[in-house]
Amino acid sequence: MKEDFREEMRCIGMRIAGFRRLRNMTQAELAEKLNINKNYLSHIENASANKNISLPMLIRIAHALDVELALLTDIDGVYKSDLKNFWSDMKETFEEIKKLNDDMDKMLEQFEKADKIFSDKKI
């Protein structure tokens with residue numbers, strides 16, 4: 001039973017860290033938003049503070065990350081396969097955004113070349 005608890009707390013910590021990264025937040029930024037010490041947040045994310053995490057703290061973390069509490073804590077309902085699908089979807093979305101950014105950079109480069117050609121010809 002004790003080992004199950006540790007595994008569940010490790011999953012919660014990993015989810016917190018994952019959502020924090022998705023929000024492009026550092027531990028220091030999230031800790032400041034929560035008004036807690038960065039080291040305490042690190043312990044939460046690494047499940048080394050599992051006996052000290054209160055329900056109000058988990059709720060504050062969920063609010064600060066703008067996620068449903070269930071996404072952080074529902075070990076049985078939102079388990080590994082659901083989480084894996086979520087992260088996979090997020091990865092695909094970010095890859096699509098990166099491709100769009102790369103395409104936009106290429107287009108801007110082409111426009112700049114064309115602008116230079118027209119400027120040189122003084123049309």
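Student: Which residues does Ile61 touch, leaving aside those up to four places away in sequence?

Tutor: In this predicted model, Ile61 touches Ile16, Leu34, Ile44 and Leu72, once residues up to four places away in sequence are set aside.

Student: How should I read such a set of contacts among nonpolar residues?

Tutor: Nonpolar side chains tend to be buried together in soluble globular proteins. Here the largest nonpolar core has 22 residues, and Ile16, Leu30, Ile61, Leu65 and Leu72 touch the most other members. Helix 1, helix 2, helix 3 and helix 4 are the elements that give two or more residues to this core. Helix 4 gives the most, with 6 residues.

Student: Which residues of helix 4 are buried, and how are they arranged around the axis of the helix?

Tutor: The general idea comes first. Residues three or four places apart in an α-helix point the same way, because the helix has 3.6 residues a turn. In helix 4, the buried residues are Met57, Leu58, Ile61, Ala62, Ala64 and Leu65. Viewed down the axis of helix 4, these buried residues fall within an arc of 165°, so they line one face of the helix. The face turned away from that buried side carries the exposed residues Leu55, Pro56 and His63.

Student: Which residues are buried in helix 2, and which residues are exposed on its other side?

Tutor: Helix 2 covers residues 27–34, and its buried residues are Gln27, Leu30, Ala31 and Leu34. Seen down the axis of helix 2, they lie within an arc of 100°, so they line one face of the helix. Glu32 and Lys33 are exposed on the other side of helix 2.

Student: Gln27 is in that buried list. What is its relative accessible area, and which residues does Gln27 touch?

Tutor: The cut-off for buried is a relative accessible area under 20%. Gln27 has a value of 16%, so Gln27 counts as buried. Not counting residues up to four places away in sequence, Gln27 touches Arg20, Lys38, Leu41, Ser42 and Glu45. Gln27 and Ser42 are 15 residues apart along the chain, and their C-alpha atoms are separated by 7.1 Å.

Student: How is a distance in sequence to be set beside a distance in space? For example, how far apart are Ile44 and Ile12?

Tutor: The two distances are stated side by side. Ile44 and Ile12 are 32 residues apart in sequence, and their C-alpha atoms are 8.5 Å apart in space. Ile44 lies in helix 3, residues 38–45, and is buried, with a relative accessible area of 1%. For the protein as a whole, residues 24 or more positions apart account for 62% of the contacts with a separation of 6 or more.

Student: Where in the structure are positive phi values found in residues other than glycine?

Tutor: One case is Asn24, whose phi is near 55°. Asn24 sits in the loop between helix 1 (2–22) and helix 2, and its relative accessibility of 69% makes it exposed. Another is Asp66, with a positive phi of about 60°. Asp66 follows helix 4 and lies in the loop between helix 4 (55–65) and helix 5 (69–73). Asp66 is exposed, with a relative accessible area of 64%. In addition, Asn35, just after helix 2, takes a positive phi of about 60°.

Student: Which residues make a nonpolar patch on the surface?

Tutor: Met104, Met107, Leu108 and Phe111 make a nonpolar surface patch of about 420 Å². Leu108 is placed in helix 6, residues 80–121. Values between the cut-offs for buried, under 20%, and exposed, over 50%, count as partly exposed. Leu108, at 46% relative accessibility, is therefore partly exposed.

Student: How many helices and strands does the protein have, and what share of its residues counts as buried?

Tutor: The protein has 6 helices and 0 strands, and along the sequence it follows the pattern α-α-α-α-α-α. Of its 123 residues, 28% count as buried. The accessible surface comes to about 9100 Å², and 54% of that area belongs to carbon and sulfur atoms.

Definitions and conventions. Residues are numbered from 1 along each chain as its sequence is written. This is a predicted model: local features need pLDDT of at least 70, side-chain atom pairs count only at pLDDT 80 or more; totals for chains, interfaces and linings use all residues. Side-chain values use heavy atoms; hydrogens and water are left out. Patches are made of residues with over 30% relative accessible area and no salt bridge: like charges are joined within 9 Å, nonpolar side chains (Val, Leu, Ile, Met, Phe, Trp, Tyr) within 5 Å. Accessible areas come from the Shrake-Rupley method with a 1.4 Å probe; for residues, only the protein chains shown count as cover. A salt bridge is a side-chain nitrogen of Lys or Arg within 4 Å of a carboxyl oxygen of Asp or Glu. Helices (H or I, at least four residues) and strands (E, at least two) are DSSP runs, numbered from the N terminus. Buried means under 20% relative accessible area, exposed over 50%, partly exposed in between (1.4 Å probe, protein chains only). The arc is that of the directions from the helix axis to the C-beta atoms. A nonpolar core is a set of buried Ala, Val, Leu, Ile, Met, Phe, Trp, Tyr and Cys residues joined through side-chain atoms within 4.5 Å. Contact means heavy atoms within 4.5 Å.
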